[in-house]
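Me: Please take a close look at one chain of this model, and then show how its partner chain is built and where the two meet. I am new to it, so explain each term when it comes up.

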Amino acid sequence: MVVIGIAIVVFLVAMTVLSPVIAPHNPTALSVGPADSAPSLAFPMGTNRLGEDIFSRMIAGGSTMMEVAGLSVLICFLIGVPLGLVAGYSRRMVDSPLSLLMDSLYAFPGLVLAIAIAAVLGRGVVNLSIAIAVVYIPTYFRVVRSQVLTIKELPFVEAVKVEGGGTLNVLFRQIFPNVLPSIAVIASINVADSVITEAGLTYLGLGVNVAAPDWGFDIYYGYQSLLAGAWWTVLFPGLMVVLLAGGFTFIGEGLSEVLNPRLRR
Amino acid sequence: MSLKSYIITRALLTIPTVLLLVTIVFLIVRVLPGDPALLHFGKTVNPTALAAVKHALGLDVPIYAQYYNYITGLFQGNLGIAFSNEQPVAPQILSAFPATLELSIGSMMVAVIVGVLLGVRSSRKYGSVEDVVIRTFGVVVYSIPVFFLGLILISVFAIAFHILPSGGRIEGLVPTGGTIFGVHVRTGLYTVDSVLAGNLGGLVDALRHLVLPCTALGLYISAVFLRITRSNMLEALGQEYVTAAKARGLKERTVLFSYGLRNGLLPVLTIMGLEFAGLMGGAILTETTFAWNGIGTYIVTAITDRDYIAIQGAVVFFGILVSLVSLVVDILYAYLDPRIRY
């Protein structure tokens, strides 16, 4: 599963990076063909309402989504992991309020929260990434915290403490490496969620709205054409989102299967 | 801990959570860069008019006073006054709620039925081709954005084959408190309303409108149920009492359902509570896709209008709703499984 997932993701990233070379048409050139024309030899995925070549837009349209997903995971990692480490390792004075805050955020409908933040912050890759990251930080926090709670009681941690290892040393040099595998699982599943959330926010009109082609935007934009029967305007960008999110889900599923042998009989 | 004291403790714990949540949303709208009123009305509006509007909406007092007013208002069921039509937000949300509720209930039914059945099947056929196919189905369905799934269903069943309607809740325009198909709108749940009126035509029509949106949203949520049922069944079926039951020569079906599923299903209940939040998020996207006049559509209109008070109201409403649902689920869970009342 991990291998399939990695293959999909590598393929999509390579395609996006190489898009200026491999796209048959300029993805943002208007009227390269008739508007809303069905898939044909000249336009394998048809054209959209503006007569843009959908195939070229698919090849080039992943960058915004990948940037937002990558950046939001980075933000989650940088905030959720240290907070989880500290909360799990410290006494109740620090742990309780942090946990209460994170639990409130976690209980919240993620997309609804992201909508509120994205609506207030306004458009842009960074703003969208923040809106999505806030939703997932509690997931990192909770997993890291619960792992730390068990790991900190293990003999090897005690040993380092007895030898006089400082708190920071114990936390980041001893405990952190042992938490990393779980973080890898959450991160890969989280990227998939970010991709879908990004597409959802864009669909609701809260997207980055750049001049560059974007799968999420194309689904939003194709809606009217689809109702008129031009299914290809929505089908292909949708499949690209599914492929990207699916790739990451496969990686996450595979990793958690490897790391959780209890489920294998 | 007795069940009674567990319920009281759990209910008391909900209060700080909800309060914290309301505060977070309040701060997001007030403290993040930009004056919400200015963002809504644009820079062109003249300062006196803007000041008048802010005064009317209570936005000209210091932030702590606004917070105090907001919280006290909340206890009286007041969610503030919308920018766009200067009407109270709470009644607008309440009138949109039945639509969202009807969609959610239908979708949850689809999700649980599909998810649990496939999960049981896949645990029974562990490691077989069928297991792999079902798990792949789970991954794919979970990776499909719910609105994209909805759009596919629309183009197949509504546009290509004309079997089901592409959107809306019932044919024709429905005024609140008015009649549809001769059915008086009482609860706002059109299926319930038409049953109450004994109107078969209305019921069939309302159900026809529910099929596509509930399938889209239900399949999306079903992936979670599938996964949790499968892994719990695998764990339950590996227990000694299951082996003992098999050794006693009980039928596979009996072992599967009476011994495996009964213990495998408890966590499904918890997931139902947790997934309620996901359901609400998915409902927003599904409503937009299917022109479903619920809270999701209300939020999207508020986004377009840059009506932050309306957005805040809807978000707070969803937050409180989800907290209450998880409270109910936890209590139910404690009732069913005494081990949980530590």
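**A close look at chain B**

Reply: Chain B has an average pLDDT of 82, where pLDDT is the predictor's confidence in each residue, from 0 to 100. A pLDDT of at least 70 is reached by 90% of the residues of chain B. This is a predicted model, in which local features need pLDDT of at least 70 and side-chain atom pairs count only at pLDDT 80 or more, while totals for chains, interfaces and linings use all residues. Residues are numbered from 1 along each chain as its sequence is written, and chains are lettered from A and ligands numbered from 1 in the order in which they are written. The scores of the model are ipTM 0.85 and pTM 0.84.

Chain B contains 14 helices and two strands. Helices (H or I, at least four residues) and strands (E, at least two) are DSSP runs, numbered from the N terminus. Of the 342 residues in chain B, 43% are buried. A residue is buried if 20 or more other C-beta atoms lie within 10 Å of its own, exposed if 12 or fewer, and partly exposed in between, with the C-beta atoms placed from the backbone. Two residues are in contact if their C-beta atoms, placed from the backbone in the same way, lie within 7 Å. Of the contacts in chain B between residues at least 6 apart in sequence, 69% join residues at least 24 apart.

Helix H3 of chain B covers residues 47–56. The number of its 10 residues that are buried is zero, so H3(B) lies largely in the open. Gly58(B), just after H3(B), has a positive phi of about 70 degrees.

Most residues other than glycine have a negative phi. His162(B) has a positive one, near 55 degrees. The place of His162(B) is the loop between helix H7 (146–160) and strand E1 (179–180) of chain B. His162(B) is exposed, because 9 other C-beta atoms lie within 10 Å.

Another loop, between helix H8 (190–196) and helix H9 (200–237) of chain B, holds Gly198(B). Gly198(B) is exposed too, with 9 other C-beta atoms within 10 Å. From Gly198(B) to Val129(B) the distance is 48 Å, C-alpha to C-alpha, and the separation in sequence is 69 residues.

Further along the chain, helix H12 (residues 266–289) and helix H13 (residues 295–305) of chain B have axes that come within 7 Å and cross at roughly 80 degrees. Axes are lines fitted to C-alpha atoms, for helices over the stretch in contact, and angles run from 0 to 180 degrees between N-to-C directions. H12(B) and H13(B) are therefore roughly perpendicular to each other. Angles under 35 degrees count as roughly parallel, over 145 as roughly antiparallel, 65 to 115 as roughly perpendicular and the rest as oblique. On the H12(B) side, the residues that meet H13(B) are Ala283(B), Ile284(B), Glu287(B) and Thr288(B), and they face Gly296(B), Thr297(B), Ile299(B) and Val300(B) in H13(B). This contact of H12(B) with H13(B) has four nonpolar residues, three polar and one charged. Ala, Val, Leu, Ile, Met, Phe, Trp, Tyr, Cys and Pro count as nonpolar, Asp, Glu, Lys and Arg as charged, and the others, Gly among them, as polar.

The loop between H13 and helix H14 (308–336) of chain B contains Arg306(B). Arg306(B) is not a glycine, yet its phi is positive, about 55 degrees. Arg306(B) is buried, since 21 other C-beta atoms lie within 10 Å.

The partner, chain A, has 11 helices and zero strands. Of its 265 residues, 49% count as buried. The C-alpha atoms of chain A fill a box of roughly 75 × 40 × 35 Å, taken along the principal axes.

In chain A, the axes of H10(A) and H11(A) come within 7 Å and cross at roughly 155 degrees. That makes H10(A) roughly antiparallel to H11(A).

Where the two chains meet, the contact takes 40 residues from chain A and 42 residues from chain B. On the side of chain A that touches chain B, the elements giving two or more residues are helix H5 (92–107), helix H6 (110–121), helix H9 (167–203), helix H10 (215–227) and helix H11 (232–259) of chain A. That side of chain A has 29 nonpolar, eight polar and three charged residues.
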